[in-house]
Amino acid sequence: ELCARFGKTIFSGAVATELESSVTIITSYVKTVFTSFEVDMTSFEQFKDIVHVSTDDDDYQQQIEDALANNKRVFVYLSLVQGGKRQERINYLFGLDTERFLIIDEADFGAHKSGQSEPLIDAIKDNDKVLIMTGTNADKAASTWKVDGMVSTTYFELLGHKSLAA
(Lines give C-alpha, C1' and ligand atoms only; values in the text may rest on other atoms or scores of the structure.)
Protein backbone atom coordinates (compact mmCIF):
# COMPACT_ATOMS: atom_id res chain seq x y z
CA GLU A 1 0.00 0.00 0.00
CA LEU A 2 1.97 2.93 -1.36
CA CYS A 3 0.47 6.41 -1.15
CA ALA A 4 -0.18 8.82 -3.98
CA ARG A 5 3.00 10.48 -5.34
CA PHE A 6 5.12 7.55 -4.09
CA GLY A 7 6.10 6.56 -7.60
CA LYS A 8 4.57 3.10 -7.71
CA THR A 9 5.15 2.65 -11.44
CA ILE A 10 8.86 3.46 -11.28
CA PHE A 11 9.18 1.46 -8.04
CA SER A 12 7.75 -1.64 -9.71
CA GLY A 13 10.01 -1.13 -12.75
CA ALA A 14 12.99 -0.98 -10.42
CA VAL A 15 11.87 -4.20 -8.71
CA ALA A 16 11.56 -5.89 -12.14
CA THR A 17 15.09 -4.69 -12.96
CA GLU A 18 16.51 -5.98 -9.68
CA LEU A 19 14.78 -9.34 -10.17
CA GLU A 20 16.31 -9.46 -13.68
CA SER A 21 12.95 -10.63 -14.92
CA SER A 22 12.93 -11.36 -18.65
CA VAL A 23 9.11 -11.23 -18.72
CA THR A 24 7.20 -8.79 -16.54
CA ILE A 25 3.44 -9.01 -16.87
CA ILE A 26 1.57 -5.87 -15.87
CA THR A 27 -2.08 -6.57 -15.21
CA SER A 28 -4.89 -4.30 -14.21
CA TYR A 29 -8.62 -3.98 -14.43
CA VAL A 30 -7.99 -0.27 -15.15
CA LYS A 31 -6.54 -0.14 -18.68
CA THR A 32 -5.17 3.43 -18.39
CA VAL A 33 -2.48 1.92 -16.14
CA PHE A 34 -0.75 0.52 -19.23
CA THR A 35 -0.22 3.94 -20.80
CA SER A 36 1.23 5.24 -17.52
CA PHE A 37 3.67 2.33 -17.35
CA GLU A 38 4.90 2.70 -20.89
CA VAL A 39 5.26 6.50 -20.65
CA ASP A 40 7.08 6.32 -17.29
CA MET A 41 9.34 3.41 -18.27
CA THR A 42 10.42 4.99 -21.56
CA SER A 43 11.24 8.26 -19.76
CA PHE A 44 14.22 6.81 -17.87
CA GLU A 45 17.54 5.55 -19.20
CA GLN A 46 17.52 2.60 -16.76
CA PHE A 47 14.55 1.09 -18.59
CA LYS A 48 15.58 1.77 -22.20
CA ASP A 49 16.19 -1.90 -23.02
CA ILE A 50 12.62 -2.94 -22.19
CA VAL A 51 10.30 -3.92 -25.03
CA HIS A 52 6.67 -3.01 -24.34
CA VAL A 53 4.01 -5.34 -25.70
CA SER A 54 0.24 -5.10 -25.43
CA THR A 55 -1.69 -8.35 -25.55
CA ASP A 56 -4.33 -6.36 -27.46
CA ASP A 57 -1.95 -6.45 -30.47
CA ASP A 58 -2.71 -9.26 -32.90
CA ASP A 59 0.98 -10.18 -33.10
CA TYR A 60 1.79 -9.89 -29.38
CA GLN A 61 3.14 -13.44 -29.22
CA GLN A 62 5.59 -12.78 -32.07
CA GLN A 63 6.67 -9.49 -30.47
CA ILE A 64 7.42 -11.30 -27.20
CA GLU A 65 9.28 -14.16 -28.91
CA ASP A 66 11.35 -11.72 -31.00
CA ALA A 67 12.28 -9.66 -27.93
CA LEU A 68 13.28 -12.73 -25.91
CA ALA A 69 15.28 -14.13 -28.86
CA ASN A 70 17.20 -10.82 -28.90
CA ASN A 71 17.85 -11.02 -25.11
CA LYS A 72 15.54 -8.09 -24.42
CA ARG A 73 13.42 -7.76 -21.31
CA VAL A 74 9.70 -7.58 -21.99
CA PHE A 75 6.91 -5.72 -20.22
CA VAL A 76 3.61 -7.28 -21.30
CA TYR A 77 0.32 -5.50 -20.66
CA LEU A 78 -2.63 -7.79 -19.88
CA SER A 79 -6.12 -6.50 -19.14
CA LEU A 80 -8.01 -8.33 -16.42
CA VAL A 81 -11.35 -7.33 -17.92
CA GLN A 82 -13.14 -10.55 -18.80
CA GLY A 83 -13.26 -11.23 -22.51
CA GLY A 84 -13.04 -14.02 -25.03
CA LYS A 85 -9.23 -13.85 -25.35
CA ARG A 86 -8.18 -13.23 -21.75
CA GLN A 87 -7.67 -16.89 -20.76
CA GLU A 88 -5.84 -17.64 -24.01
CA ARG A 89 -3.48 -14.74 -23.28
CA ILE A 90 -2.91 -15.92 -19.68
CA ASN A 91 -2.22 -19.46 -20.91
CA TYR A 92 0.34 -18.20 -23.42
CA LEU A 93 2.14 -15.87 -20.99
CA PHE A 94 2.35 -18.43 -18.21
CA GLY A 95 3.30 -21.15 -20.68
CA LEU A 96 6.50 -19.31 -21.66
CA ASP A 97 9.62 -21.16 -20.58
CA THR A 98 10.87 -18.43 -18.26
CA GLU A 99 10.27 -17.06 -14.79
CA ARG A 100 7.83 -14.22 -14.66
CA PHE A 101 7.30 -11.16 -12.53
CA LEU A 102 3.61 -10.33 -12.26
CA ILE A 103 2.57 -6.81 -11.28
CA ILE A 104 -1.08 -6.29 -10.42
CA ASP A 105 -1.61 -2.54 -10.45
CA GLU A 106 -4.61 -0.76 -8.92
CA ALA A 107 -5.28 -4.13 -7.30
CA ASP A 108 -8.19 -2.80 -5.25
CA PHE A 109 -10.13 -1.85 -8.42
CA GLY A 110 -11.66 -5.04 -9.77
CA ALA A 111 -8.46 -7.12 -9.76
CA HIS A 112 -9.25 -8.38 -6.26
CA LYS A 113 -12.43 -10.12 -7.39
CA SER A 114 -12.19 -13.88 -7.84
CA GLY A 115 -13.15 -13.65 -11.53
CA GLN A 116 -10.04 -11.55 -12.17
CA SER A 117 -7.55 -12.97 -9.65
CA GLU A 118 -8.27 -16.70 -9.80
CA PRO A 119 -7.16 -17.21 -13.44
CA LEU A 120 -3.82 -15.61 -12.50
CA ILE A 121 -3.49 -17.49 -9.22
CA ASP A 122 -4.15 -20.76 -11.08
CA ALA A 123 -1.57 -19.91 -13.76
CA ILE A 124 1.33 -18.86 -11.52
CA LYS A 125 4.30 -21.21 -11.38
CA ASP A 126 6.47 -21.83 -8.29
CA ASN A 127 9.31 -19.51 -9.35
CA ASP A 128 7.11 -16.62 -10.46
CA LYS A 129 7.09 -13.46 -8.34
CA VAL A 130 3.98 -11.33 -7.73
CA LEU A 131 3.65 -7.69 -6.66
CA ILE A 132 0.14 -6.60 -5.70
CA MET A 133 0.23 -2.82 -5.88
CA THR A 134 -2.29 -0.27 -4.70
CA GLY A 135 -2.49 3.15 -3.14
CA THR A 136 -5.54 2.33 -1.05
CA ASN A 137 -7.46 -0.60 0.38
CA ALA A 138 -4.58 -3.06 0.63
CA ASP A 139 -6.80 -5.48 2.56
CA LYS A 140 -9.24 -5.59 -0.37
CA ALA A 141 -6.43 -5.77 -2.96
CA ALA A 142 -4.82 -8.79 -1.31
CA SER A 143 -8.02 -10.56 -0.25
CA THR A 144 -7.69 -13.45 -2.74
CA TRP A 145 -3.89 -13.80 -2.65
CA LYS A 146 -1.44 -15.55 -0.34
CA VAL A 147 0.70 -12.63 0.84
CA ASP A 148 4.27 -13.20 2.06
CA GLY A 149 5.05 -9.60 2.98
CA MET A 150 3.83 -6.03 2.79
CA VAL A 151 5.32 -2.61 2.21
CA SER A 152 3.29 0.41 3.25
CA THR A 153 4.13 4.09 3.03
CA THR A 154 1.71 6.84 4.01
CA TYR A 155 1.79 10.31 2.52
CA PHE A 156 2.96 11.68 5.88
CA GLU A 157 5.90 9.24 5.88
CA LEU A 158 6.74 10.25 2.32
CA LEU A 159 6.85 13.92 3.34
CA GLY A 160 9.06 13.04 6.31
CA HIS A 161 11.53 11.21 4.05
CA LYS A 162 11.50 14.13 1.63
CA SER A 163 12.40 16.60 4.40
CA LEU A 164 15.27 14.37 5.54
CA ALA A 165 16.67 14.28 2.01
CA ALA A 166 16.69 18.09 1.67
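Here are two short exercises on how helices pack in this predicted model.

Residues count from 1 along each chain as its sequence is written, and side-chain values use heavy atoms, without hydrogens or water. Local features need pLDDT of at least 70, side-chain atom pairs count only at pLDDT 80 or more, and totals for chains, interfaces and linings use all residues.

**Exercise 1.** Work out how helices H1 and H2 are oriented and which residues meet.

*Solution.*
- Start with the axes (lines fitted to C-alpha atoms over the stretch in contact, angles running from 0 to 180 degrees between N-to-C directions). Those of H1 (residues 8-19) and H2 (residues 32-42) come within 9 Å and cross at roughly 65°.
- Angles of 65 to 115 degrees count as roughly perpendicular, so H1 and H2 are roughly perpendicular to each other.
- Now look for contacts (heavy atoms within 4.5 Å). From H1, Thr-9, Ile-10, Ser-12 and Gly-13 meet Ser-36, Phe-37, Asp-40 and Met-41 of H2.
- Sort these by class, with Gly counted as polar: three are nonpolar, four polar and one charged.

**Exercise 2.** Do the job again for H3 and H4.

*Solution.*
- H3 and H4 (residues 86-95) pack at about 15°, their axes 12 Å apart.
- Anything under 35 degrees counts as roughly parallel, so H3 is roughly parallel to H4.
- On the H3 side, Tyr-60, Gln-61, Ile-64 and Glu-65 meet Glu-88, Arg-89, Tyr-92 and Leu-93 in H4.
- By class, that's four nonpolar, one polar and three charged residues.
- Finally, check pLDDT (the predictor's confidence in each residue, from 0 to 100): H3 (residues 60-69) has the highest mean among the protein's elements, 97.

Conventions: Helices (H or I, at least four residues) and strands (E, at least two) are DSSP runs, numbered from the N terminus. Angles under 35 degrees count as roughly parallel, over 145 as roughly antiparallel, 65 to 115 as roughly perpendicular and the rest as oblique.
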